[in-house]
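The following note sets out points for a colleague to consider while examining the sequence and the model. The points are numbered for ease of reference.

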Amino acid sequence: MQNDEILLDVRDLHVSYGAIAAIKGISLKVKKGEVVTILGANGAGKTTTLKTISGLLKSKEGSIIFDKNDITNTPAHDIVSLGMSHSPEGRRVFGTLSVEENLMMGAYTLKSHDKETLEWIYDILPRLKERQKQLAGTLSGGEQQMLAIGRAIMSKPKLLILDEPSLGLAPILIKSIFKAIKEIAQSGMTVLIVEQNAKAALKLANRGYVLEVGKITHEGTSEELLNSEAIQEAYLGKKH
Ligand SMILES: Nc1ncnc2c1ncn2[C@@H]1O[C@H](COP(=O)(O)OP(=O)(O)O)[C@@H](O)[C@H]1O
Ligand SMILES: [Mg+2]
């Protein structure tokens, strides 16, 4: 599904919280059909980067081009309409709505309710189908994370952004979440994913960037990063 068309082009981005610079000039590209991962320790600026791309934070300098549109100063809701969907860190589901109602909320940019997409999501995330009438607030953490992903893909975005989908989950659930993301990517959807679980993320991704205190220090294909001694030591828990 991958081709050479650039879907997301982030150039020399700078983002600050008040006087504190969190992102200090990062550039990255995501091609159509690719899965790209951003790795980095806690506080490196991964969430800040994703939030700036999806318009939740504004950059001080730099530009963001998405699907040939300059979205550097575009409000978040207009970026959603252009086909970008951001599943934020921490599972933000509507606790008093059912699983199915939560999924339908994700389709609000669509004109009609898309039964086919709903069935596709239930196919990829069968646990959601079993629990379609259950209130989202009563789901386990892992199930809520599945729901957050399901909701993010309900609008069939061109770019799906995932911020730490496996955070705090039991290994068995991490496995099924990664399997679901793989199926989403295989459907042709472009994915930008941030993960603490570097090895799993690199196995899923085509390419990756490593962020350290607001700057990109390494980039390459997943294979290059998996084989890099520096990456192995810092992120994959291997010592040389
Ligand atoms: N709302 C905020 N106000 C001030 N500083 C923040 C805020 N959010 C994040 N930061 C700071 O920005 C840096 C990057 O944070 P973040 O993007 O959340 O990192 P990551 O997602 O890689 O853990 C950190 O030093 C963090 O303390
Ligand atoms: Mg984060």
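1. T49 has a relative accessibility of 0% and therefore counts as buried, the cut-off being under 20%. This residue belongs to helix α1. The model is a predicted one, and the position of T49 should be read accordingly. Between the C-alpha atoms of T49 and A205 the distance is 18 Å, while the two residues are 156 positions apart in sequence.

2. The helix that holds T49 is mostly covered: of the eight residues of α1, six are buried. Besides T49, these are K46, T48, L50, T52 and I53. After the helix comes G55, which has a positive phi near 90°.

3. Helix α1, residues 46–53, also bears on the ligand site. The helix contributes three residues to the shell around ligand 1, the most of any contributor. The complete shell consists of Y17, A22, A41, N42, G43, A44, G45, K46, T47 and T48. By character, four of the shell residues are nonpolar, five are polar and one is charged.

4. Several polar atoms of the protein approach ligand 1. In the case of G43, a backbone N or O atom is 2.7 Å from a ligand oxygen. The side chain of T47 places an N or O atom 2.8 Å from an oxygen of ligand 1. For Y17, the side chain has an N or O atom 3.4 Å from a nitrogen of the ligand. The protein buries 58% of the 560 Å² that ligand 1 exposes when taken alone.

5. Which residues make up the network of salt bridges around K32? The linked residues are E5, K32, D67, K68 and K158. Over the whole structure, the search gives 12 salt bridges. Within the network, E5 and K32 are paired, with their closest N and O atoms 2.7 Å apart. E5 precedes β1 (6–17) and K32 sits in the loop between β2 (20–31) and β3 (35–39), so this pair ties together parts that are 27 residues apart in sequence. Both partners are partly exposed, E5 at 31% relative accessibility and K32 at 24%.

6. K32 has a further partner in D67, in a salt bridge with an N to O distance of 3.7 Å. This pair links distant parts of the chain, 35 residues apart: D67 comes from the loop between β4 (61–66) and β5 (69–70), and K32 from the loop between β2 and β3. Unlike K32, which is partly exposed, D67 counts as buried at 17% relative accessibility.

7. The backbone of D67 deserves attention as well. Most residues other than glycine have a negative phi. D67 is not a glycine, yet its phi is positive, at about 50°. D12 likewise has a positive phi, near 50°, and is a residue other than glycine. The settings of these two residues may be set side by side: D12 lies in strand β1, whereas D67 lies in the loop between β4 and β5. D12 is partly exposed, with a relative accessibility of 38%, whereas D67 is buried at 17%.

8. A separate salt bridge joins the side chains of R131 and E143, with 3.6 Å from N to O. R131 is in the loop between α5 (126–130) and α6 (141–153), and E143 is in α6 itself, so the pair ties together parts that are 12 residues apart in sequence. Is each partner buried or partly exposed? R131 is partly exposed, at 26% relative accessibility. E143 is buried, with a relative accessible area of 5%.

9. The last point concerns the nonpolar interior. Nonpolar side chains tend to be buried together in soluble globular proteins. In this model the largest nonpolar core comprises 37 residues, and L103, L128, L147, L160, V191 and I193 have the most contacts inside it. Two or more residues come from each of α3 (99–105), α4 (115–124), α6, β7 (159–163), α7 (171–186) and β8 (190–194). Of these elements, α7 gives the most, with eight residues. Helix α6, one of the contributors to the core, also carries E143, the partner of R131 described above.

Key:
Residues numbered from 1 in each chain as written. Chains lettered and ligands numbered in written order. Predicted model: local features only at pLDDT ≥ 70, side-chain atom pairs only at ≥ 80, totals over all residues. Heavy atoms only, no water. Salt bridge = Lys/Arg side-chain N within 4 Å of Asp/Glu carboxyl O. Helix = DSSP H or I, 4+ residues; strand = E, 2+ residues; numbered from the N terminus. Buried < 20%, exposed > 50% of the residue type's maximum accessible area, 1.4 Å probe, protein only. Near = heavy atom within 4 Å. Polar contact = N/O pair within 3.5 Å; in protein donor to acceptor, adjacent residues only side chain to side chain. Areas by Shrake-Rupley, 256 points an atom, 1.4 Å probe, with all protein chains shown as cover. Nonpolar A, V, L, I, M, F, W, Y, C, P; charged D, E, K, R; others polar. Core = buried A, V, L, I, M, F, W, Y, C linked by side-chain atoms within 4.5 Å.
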